[in-house]
Amino acid sequence: MQHFFLIWDFHCQQEWEKLRFWDGWKCVKFFQNPRPWAYANRDCKSEDSHLPAPHSSFDQYQFYNHVRNARLPLRATWLGLKRNWDLTWIEDHSRINIVDYGFDNWQIEYPDPTDFYAAMRQSDGLWSSGIGKASLRFFCFKNASEIQLIGRSNQPLLFRNISK
């Protein structure tokens with residue numbers, strides 16, 4: 001009697017780490033060289049990814065713990081948030097106003113009305129602005145690839161990438 005099994009998993013490319021968020025698995029890559037926000041954003045886009053923009057307290061917790069547990073010498077890391085022409089804060093890659101998520105994590109007396117980019121402080125995970133011309137290390141995020149592993153007892157696994 002043959003036994004079949006099916007395993008669903010999510011996969012990230014080499015040099016990318018898999019991390020769970022409220023809307024599914026993400027691949028996360030750390031960039032060691034500090035860059036201004038615009039260059040960091042461009043570097044992420046060149047990797048088909050984006051700077052992180054937590055949508056919920058769960059996302060914030062996951063990302064902050066990832067940054068903190070990495071024990072990296074960071075004072076802050078860029079977020080994928082920028083001030084729009086109408087002074088609202090939007091998620092850069094989706095153009096969605098962050099107010100629509102019902103979640104933010106600004107430190108007291110922020111965001112700074114004179115700056116256009118946001119960062120997350122490593123010390124406490126709070127968001128700040130006012131450092132737009134600074135160079136910071138950063139992370140890029142993208143969706144993990146969904147894979148299916150199909151197998152039969154005593155035979156090698158068949159790998160199928162079913163992502164779009």
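## Burial and overall layout

Of the 164 residues in this protein, 45% count as buried. The model is a predicted one, so please read every value here as computed from predicted coordinates. The protein contains two helices and ten strands, and along the sequence these elements run β-β-β-α-α-β-β-β-β-β-β-β.

How much of the contact network joins residues at least 24 apart? Taking contacts between residues at least 6 apart in sequence, the share is 64%.

## Two nonpolar cores

The largest nonpolar core is made of 17 residues. Inside it, F63, L79, L81, M120 and W127 have the most contacts. At least two residues of this core come from each of strand 2 (17–21), helix 2, strand 4 (76–83), strand 6 (117–121) and strand 8. Helix 2 is the element that gives the most, with three residues.

There is also a second core, separate from that one, with 15 residues. Its members include F31, W37, C44 and W78. Two of these names, F31 and W37, come back in the ring pairs described next.

## Aromatic pairs

How many aromatic pairs does a search of the whole structure find? The count is seven. One of them joins F31 and F138, whose rings are stacked with 4.8 Å from centre to centre and 5° between the planes. Because F31 sits in strand 3 (residues 24–35) and F138 in strand 8, this pair ties together parts of the protein that are 107 residues apart in sequence. Both F31 and F138 are buried.

A second stacked pair is formed by W37 and Y117, at 4.3 Å centre to centre and with 25° between the planes. This pair, too, links distant parts of the chain: W37 belongs to helix 1 and Y117 to strand 6, 80 residues apart. Are the two partners buried or partly exposed? W37 is buried, with a relative accessible area of 3%, whereas Y117 counts as partly exposed at 23% relative accessibility. Elsewhere in the list of rings, F21, F30, F63, F139 and F141 are linked by ring pairs into a cluster. F63 of this cluster is also among the residues with the most contacts inside the largest nonpolar core.

## The second largest pocket

The second largest pocket holds about 190 Å³ of space. Its lining is made of 15 residues, and those nearest the centre are K26, H50, A53, H55 and F141. Two elements, helix 2 (57–69) and strand 8 (136–143), give two or more residues to this lining. Strand 8 gives the most, with three residues. What is the chemical make-up of the lining, sorted into nonpolar, polar and charged? There are six nonpolar residues, four polar ones and five charged ones.

H55 is a nice residue to look at here, being one of those nearest the pocket centre. H55 is located in the loop between helix 1 (37–46) and helix 2. With a relative accessible area of 15%, H55 falls under the 20% limit and therefore counts as buried. Leaving aside residues up to four places away in sequence, H55 touches W22, E91, Y101 and F103. F141, another of the residues nearest the pocket centre, is also a member of the phenylalanine ring cluster.

## Loops with positive phi, and an exposed tyrosine

Most residues other than glycine have a negative phi. Two residues are worth a look on this count. E15 has a positive phi, near 80°, and lies in the loop between strand 1 (4–11) and strand 2. D48 has a positive phi as well, near 55°, and is found in the loop between helix 1 and helix 2, which is also the loop that holds H55.

Are E15 and D48 buried or exposed? E15 counts as exposed at 61% relative accessibility, and D48 counts as exposed at 68%.

Y61 is a residue of helix 2. Because its relative accessible area is 53%, over the 50% limit, Y61 is exposed. Which residue, 64 places from Y61 along the chain, has its C-alpha atom 8.4 Å from that of Y61? The partner is G125.

Note on methods. Residues numbered from 1 in each chain as written. Predicted model: local features only at pLDDT ≥ 70, side-chain atom pairs only at ≥ 80, totals over all residues. Heavy atoms only, no water. 1 Å grid on protein atoms, 1.4 Å probe; cavity = no way out; pocket = protein on both sides within 12 Å on 5 of 7 lines; lining within 4 Å. Points joined across faces, edges and corners; volume = space filled by probe spheres on them. Helix = DSSP H or I, 4+ residues; strand = E, 2+ residues; numbered from the N terminus. Nonpolar A, V, L, I, M, F, W, Y, C, P; charged D, E, K, R; others polar. Core = buried A, V, L, I, M, F, W, Y, C linked by side-chain atoms within 4.5 Å. Buried < 20%, exposed > 50% of the residue type's maximum accessible area, 1.4 Å probe, protein only. Contact = heavy atoms within 4.5 Å. Phe/Tyr/Trp six-rings, centres within 6.5 Å; stacked < 30°, edge-to-face > 60°.
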